[in-house]
Amino acid sequence: MTKFAVYVDGQEGTTGLRINEYLAQRSDIEVLKIDADKRKDPAERARLLNAADVAFLCLPDAASREAAAMITNPNTCLIDASTAHRTVPGWAFGLPELAPAQREKIRAAKRIANPGCHASAFILAVRPLVDAGLLSPDALVSATSITGYSGGGKSMIAQYETASEPKLTSPRPYALSLQHKHLPEMMAHTGLRTAPVFMPIVGNFYKGLAVTVPLHLSQLRAGARAEDLHAALSQHYEGERFIRVMPLRDAETLAEGAFDVQACNDTNRVDLFVFASDTQALVMARLDNLGKGASGAAVQSMNVHLGVDEALGL
Ligand SMILES: NC(=O)C1=CN([C@@H]2O[C@H](COP(=O)(O)OP(=O)(O)OC[C@H]3O[C@@H](n4cnc5c(N)ncnc54)[C@H](OP(=O)(O)O)[C@@H]3O)[C@@H](O)[C@H]2O)C=CC1
Ligand SMILES: CC(=O)N[C@@H](CCC(=O)OP(=O)(O)O)C(=O)O
């Protein structure tokens with residue numbers, strides 16, 4: 001069997017290591033490895049990038065842009081985990097469940113931008129509401145995201161796992177300048193014309209993420225109810241194997257009394273929830289920031305691009 005050649009640029013990083021774990025289970029893939037002492041050698045990286053059928057970029061934004069500029073082989077498909085190309089023309093957004101045409105875009109593209117972890121959850125929660133006409137593109141919305149510290153990569157993991165500063169033991173709101181790097185993709189891929197007021201919160205746990213979008217029902221199309229929000233999500237994701245739309249006002253979570261942010265960990269799944277009173281709703285999306293929030297999503301996009309079973313290795 002001819003194997004697909006795959007290179008992970010940034011193989012020692014948080015996202016790269018997780019992608020390599022997924023790839024290790026695959027018999028249809030040959031992973032091209034770079035020698036440890038050449039990890040940042042541009043010539044060796046360029047050689048491997050151009051030898052690959054698929055190359056994952058698991059690098060800081062600037063290094064991702066440099067890597068993209070090294071490609072001379074027209075057959076190499078790049079899947080960039082960084083923020084660098086998510087709203088750049090010519091790059092397909094690596095979220096197959098976004099809209100009916102998205103899988104074909106990913107299949108046809110040689111440049112795929114993997115969504116950000118907060119952005120994936122926000123977009124998956126909001127896009128169906130906009131598409132269904134329940135939420136106007138002019139709506140002013142806000143969102144919070146609770147995330148594990150692995151979302152901050154190696155440096156944040158080291159901060160949490162080696163330091164014993166008391167401030168790290170409690171949840172920490174951040175991005176307080178209201179310019180989080182995921183806002184452009186949140187707008188571009190939901191159709192919202194105004195950036196959400198977005199406050200992420202990092203907590204003292206390794207991984208797991210939940211975005212919450214609070215809504216007044218009076219903000220929605222006239223007469224719309226929580227049942228309509230739930231129906232829009234259910235219809236949009238019908239048949240999607242990585243997306244579960246949980247029952248309206250999920251009884252299990254309500255009985256528990258609080259939300260489990262980590263319940264999608266070690267999966268490529270997204271769970272969507274609608275909690276509601278007669279006048280207000282919370283639309284929530286939960287995922288593993290290293291699963292559907294990063295490495296799992298990147299492997300899923302590779303599978304779509306290669307035309308193999310989308311869930312292979314996930
Ligand atoms: N962690 C997460 O949950 C998510 C991360 N992302 C994005 O994915 C990308 C990678 O993130 P993450 O894995 O967390 O980051 P890490 O900091 O954990 O890893 C980045 C890796 O890139 C290496 N690197 C840096 N510069 C270069 C270079 N010029 N050439 C080759 N290698 C280089 C680093 O080397 P060294 O080991 O020497 O530092 C490191 O191993 C980032 O853009 C991030 O924003 C996206 C979604 C979620
Ligand atoms: C806890 C933490 O810091 N999380 C990161 C998000 C990780 C991610 O999705 O980053 P990319 O956009 O680079 O893909 C943050 O909020 O910046």
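Hi everyone, this is a short walk through a predicted model of one protein chain with its ligands.

Some housekeeping before we start. Residues are numbered from 1 along each chain as its sequence is written, while chains are lettered from A and ligands numbered from 1 in the order in which they are written. Since the model is predicted, local features need pLDDT of at least 70 and side-chain atom pairs count only at pLDDT 80 or more, whereas totals for chains, interfaces and linings use all residues.

Let's begin with the overall layout. The protein chain splits into domain 1 (4-114 + 293-306) and domain 2 (117-289); those bounds come from an automatic or database domain assignment. Taken over C-alpha atoms, the centres of the two domains are 25 Å apart. Their contact takes 14 residues from domain 1 and 22 residues from domain 2, where two residues are in contact if their C-beta atoms, placed from the backbone, lie within 7 Å. On the side of domain 1 that touches domain 2, helix H10 gives the most, with 5 residues. That side of domain 1 divides into 5 nonpolar, 7 polar and 2 charged residues. For those classes, Ala, Val, Leu, Ile, Met, Phe, Trp, Tyr, Cys and Pro count as nonpolar, Asp, Glu, Lys and Arg as charged, and the others, Gly among them, as polar. And when I say helix or strand, I mean DSSP runs numbered from the N terminus: helices are H or I with at least four residues, strands are E with at least two.

Now, where does ligand 1 lie relative to the two domains? Domain 1 and domain 2 both give residues to the shell around ligand 1, so it lies between them. There are 27 residues around this ligand, and Gly13, Thr15, Ser82, Gly153 and Ala294 come nearest; a residue is near a molecule or strand if its C-beta atom, placed from the backbone, lies within 6 Å of it. Two or more residues each come from helix H1 (14-24), helix H3 (61-69), helix H6 (153-162) and helix H10 (291-306). H1 gives the most to this shell, with 3 residues. By class, the shell around ligand 1 has 8 nonpolar, 13 polar and 6 charged residues.

On to ligand 2. Around it there are 13 residues, of which Thr83, Gly116, Cys117, Gly151 and Gly152 come nearest. The shell around ligand 2 divides into 5 nonpolar, 7 polar and 1 charged.

Staying with H1 for a moment, have a look at Arg18, which is found in that helix. Arg18 counts as buried because it has 23 C-beta neighbours inside 10 Å. The cut-offs here: buried is 20 or more other C-beta atoms within 10 Å of the residue's own, exposed is 12 or fewer, and partly exposed is in between, with C-beta atoms placed from the backbone. Leaving aside neighbours within four places in sequence, Arg18 is in contact with Leu290 and Ser295. Arg18 and Ser295 are 277 residues apart along the chain, yet their C-alpha atoms are separated by 6.1 Å.

Next, two helices with kinks. H10 has 16 residues, but its end C-alpha atoms are only 19 Å apart, short of the 22 Å that a straight helix would reach at 1.5 Å a residue. The expected span is 1.5 Å times one less than the number of residues. H10 also has a kink of about 50°, centred on Ala297; the bend at a residue is the angle between axes fitted to the seven residues ending there and the seven starting there. In H10, 15 of the 16 residues are buried, so the helix is largely enclosed by the rest of the structure. Just after H10, Gly307 takes a positive phi of about 75°.

What about the span of H5 (residues 117-131)? Its 15 residues should cover 21 Å, and its end C-alpha atoms are 21 Å apart, which agrees. H5 has a kink of about 30°, centred on Ile123. Here 13 of the 15 residues are buried, so H5 is largely enclosed too. Gly133, which follows H5, has a positive phi near 80°.

Last stop: two loop residues. Arg249 has a phi near 50°, a positive value in a residue other than glycine, and it lies in the loop between strand S11 (243-245) and helix H9 (251-256). Arg249 is partly exposed, with 15 other C-beta atoms within 10 Å. Asp266 has a positive phi near 65°, lies in the loop between H9 and strand S12 (270-276), and is exposed, with 12 other C-beta atoms within 10 Å.
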